[in-house]
Amino acid sequence: MTTPAASPHCMNTYGRLPVALSHGKGLRVWDTNGKAYLDALAGIAVNTLGHAHPQLTPALQDQVGKMIHSCNYYHIPLQEALAAKLVELSGMTNAFFCNSGLEANEAAIKLARKFGHMKGIEKPEIVVYEKAFHGRSLATLAATGNEKIKEGFGPMMEGYIRVPVNNIEALKKATEGNPNVAAVFFETIQGEGGVKPMNTDYLQQVRQLCDERDWLLMIDEVQCGMGRTGKWFAHQWSGIVPDVMPLAKGLGSGVPVGAVVAGPKAAHIFQPGNHGTTFGGNPLAMRAGVETIRIMEEDKLLDNVLKVGAHLHAALHRELDGVKGVKEIRGQGLMIGIDLDRPCGVLMQRALDAGLLLSVTADSVVRLVPPLIITEAEADEVVAILVPLIQTFLAEAP
């Protein structure tokens, strides 16, 4: 007898699928009725090391037995260990720890505003992008470029200038003669916006423009960072270094942790009393971050992302190129979007029925962000399940 999945006492904030997951191992998860699934979603790019990782699990159990939480009145050695590692990997200067990508982006916005005030700007403005997604707090919602999720929450916070992606002339025109600009803020690859990458030359041009005009370059790596593209951070493919970099999602392999990494231009903007958090940087979250990076390095997961990512991209192109209704397959490493010519939200349920976890973003883009431990054989399984679903869906009346 199957047990129905329902949450009648929870606020109705999610269009949930009718399933509850019970446990997992590696890339496999099982629901409360015992059905198995292949996880190509990783909790939306969160479960870097898959499920029940044989090294991460005992490390977290060890930490729970020592200390879960310490407030930030005291030094937390694991904070310094994780901060030092992020500084090493990024080429930046220091880090602030919080609990989520939203909080990391909120902290970045505060950094930009304080940077502007320190320069004598009374009302600092931040350049943001069409189709961007930075979170659902009032500040990050205003920075987000999705009108649908803003409905009912106005008036929006002021102080943003919105521009299209990959168009340096549009950025220059939108900011021409404006002395109030303090920062430019974007995702290297837009996740909720449809897995849309920024071009390498554009990233380099924006870095140069920020240097010329004394703006902060703030790059949201919440979804595309932490090795997902085959480098630690997606902007590194362009050879640039931001001034502010929010992180979260994959940093703790499922334990909630966010970070804002700052370069020399932003490293000392926050002083005691300017920003803070109760739970952020707690020993359990920091242990998760330290262990995640250690395991990624020891198991050479960046190499795995490049190898399996290329294999998965090639297989999807082989099967779907030329299929009527498939507009584009894009992304990098293990962050892949299959852009269809019509809304395809029904594919989430159909994939679930077929034993595959994935998501649909920007209404018409099938998003694959599997754990970074995925093998080529598992990638082939994903393709074997997904391709017929897409072909059948596109063969139906539009």
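Me: How many bridges join strand β16 (residues 359-361) to β17?
Reply: This is a predicted model, so keep that in mind throughout. In it, β16 and β17 run antiparallel. One pairing to look at is T361, which stands opposite V365 in β17. The number of bridges joining β16 to β17 is three.

Me: And which residue takes a positive phi in the hairpin of β16 and β17?
Reply: Look at the turn, where three residues sit between the strands. One of the residues in this hairpin has a phi near 50 degrees, and that's A362.

Me: Which residue stands opposite R367 in β17?
Reply: For this one, go to strand β14 (residues 335-340), which is joined to β17 by four bridges. Those two strands run antiparallel. The residue opposite R367 is G337.

Me: Are V365, R367, V366 and L368 of strand β17 buried or exposed?
Reply: Take the two faces of β17 (residues 365-368) in turn. V365 and R367 lie on one side, while V366 and L368 lie on the other. Both faces are covered, and all four residues are buried.

Me: Where is H51 found?
Reply: Start from the two helices that flank it, α1 (42-45) and α2 (56-64). H51 is in the loop between α1 and α2.

Me: OK, does H51 count as buried or exposed, and why?
Reply: The cut-off for buried is under 20% relative accessible area. H51 comes in at 16% relative accessibility, so it counts as buried.

Me: Which residues is H51 in contact with, leaving aside its neighbours within four places in sequence?
Reply: Contact here means heavy atoms within 4.5 Å. With the sequence neighbours set aside, the list for H51 is G24, K25, G26, R28, V29 and D39.

Me: What separates the C-alpha atoms of H51 and I269?
Reply: Along the chain, H51 and I269 are 218 residues apart. In space, their C-alpha atoms are separated by 38 Å.

Me: Zooming out, what radius of gyration does the protein chain have, against that of a compact globule?
Reply: The chain has 398 residues, so a compact globule would come out near 21 Å. The C-alpha atoms fill a box of roughly 65 × 55 × 45 Å along the principal axes. The chain's own radius of gyration agrees with the globule value, at 21 Å.

Me: What share of contacts in the protein chain joins residues at least 24 apart?
Reply: The chain has 12 helices and 17 strands. Count contacts between residues at least 6 apart in sequence, and the share joining residues at least 24 apart is 72%.

Key: Residues numbered from 1 in each chain as written. Predicted model: local features only at pLDDT ≥ 70, side-chain atom pairs only at ≥ 80, totals over all residues. Heavy atoms only, no water. Rg over C-alpha atoms; globule rule 2.2 N^0.38 Å. Buried < 20%, exposed > 50% of the residue type's maximum accessible area, 1.4 Å probe, protein only. Pairing = 2+ DSSP bridges.
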